[in-house]
Amino acid sequence: ETARNASRRVAESFLAALANGQTNQAFRLAEPSYVGRRGSGLNQLARGVDLSDLRIDAVLADSERACAVTGLLPIKDGSGQVALGLSLVRSEELWLVAEVAELVDDAARSRFLESFRRSSPDAIWRLRLGPTAGTP
């Protein structure tokens with residue numbers, strides 16, 4: 001399995017576990033240090049953002065690091081939408097979520113992806129846009 005596909009699978013599984021209230025499962029897919037720092041924030045994220053129509057729009061990966069960006073997701077209180085940017089790292093043979101950022105607009109999404117691309121110039125892109133976003 002390629003780094004891009006494996007990191008995408010972990011990002012999707014992590015967010016699906018949060019969406020289904022399975023925080024312990026989500027925590028198993030995250031770096032322990034991240035869970036220790038941000039575990040309660042992940043619970044708040046799951047309560048505040050509607051993750052039911054989740055799709056990953058972009059994935060960049062090299063052999064050790066990856067990032068994934070979701071499509072826009074509705075905020076449950078009706079105040080708008082937000083995309084999520086996930087940073088992932090490879091730990092031995094496993095990919096783990098290292099950070100989750102809320103990206104409030106297209107400019108924030110672009111900055112998140114560009115920052116990763118600058119720090120990992122050998123990263124391979126997988127980008128899907130439009131109504132087929134998130135399909136393999």
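Start by selecting Arg65 in this predicted model: its bridge partner in β4 is Val89. Now widen the selection to the two strands around that pair, β2 (residues 65–70) and β4 (residues 81–91). They run antiparallel, joined by five bridges.

Next, add β1, residues 56–61. This strand is also antiparallel to β2, again with five bridges, and the two make a hairpin with three residues between them. For a landmark in the hairpin, pick Ala61 and look across to Ala66 in β2, which stands opposite. While β2 is still highlighted, switch on a surface: five of its six residues are buried, so the strand is largely enclosed by the rest of the structure.

Stay on β4 and click Leu88. Leaving out residues up to four places away in sequence, Leu88 touches a run of β2 residues including Arg65, Ala66, Cys67 and Ala68. The list also has Trp95, Leu96, Val97 and Ala98, as well as Ser7, Val10 and Ala11.

Those last three lead to helix α1. Which residues does Ser7 touch, beyond its neighbours within four places in sequence? Select Val59, Ala61, Ala66, Leu88 and Trp95. Ser7 sits in α1, residues 3–19, and is buried, with a relative accessible area of 1%. Zoom in on its side chain, and you'll find a polar atom 2.8 Å from the backbone oxygen of Ala3.

Pull back to see the whole helix. α1 has 17 residues and spans 24 Å from first C-alpha to last, close to the 24 Å expected at 1.5 Å a residue. Colour its buried positions: among them are Ala3, Ala6, Val10, Phe14 and Leu18. Just past the helix comes Gly21, with a positive phi near 75°.

Now for the packing. Show the largest nonpolar core, which has 31 residues. The members that touch the most others are Phe14, Leu18, Leu84, Leu86, Leu88, Val97 and Val100. At least two core residues come from each of α1, α3 (32–48), β1, β2, β4 and β5 (94–103), and α1 gives the most, with eight. Last stop: a second, separate core of 10 residues, where you can pick out Val69, Ala108, Leu113 and Phe116.

Conventions: Residues numbered from 1 in each chain as written. Predicted model: local features only at pLDDT ≥ 70, side-chain atom pairs only at ≥ 80, totals over all residues. Heavy atoms only, no water. Helix = DSSP H or I, 4+ residues; strand = E, 2+ residues; numbered from the N terminus. Buried < 20%, exposed > 50% of the residue type's maximum accessible area, 1.4 Å probe, protein only. Polar contact = N/O pair within 3.5 Å; in protein donor to acceptor, adjacent residues only side chain to side chain. Contact = heavy atoms within 4.5 Å. Pairing = 2+ DSSP bridges. Core = buried A, V, L, I, M, F, W, Y, C linked by side-chain atoms within 4.5 Å. Expected span 1.5 Å × (residues − 1).
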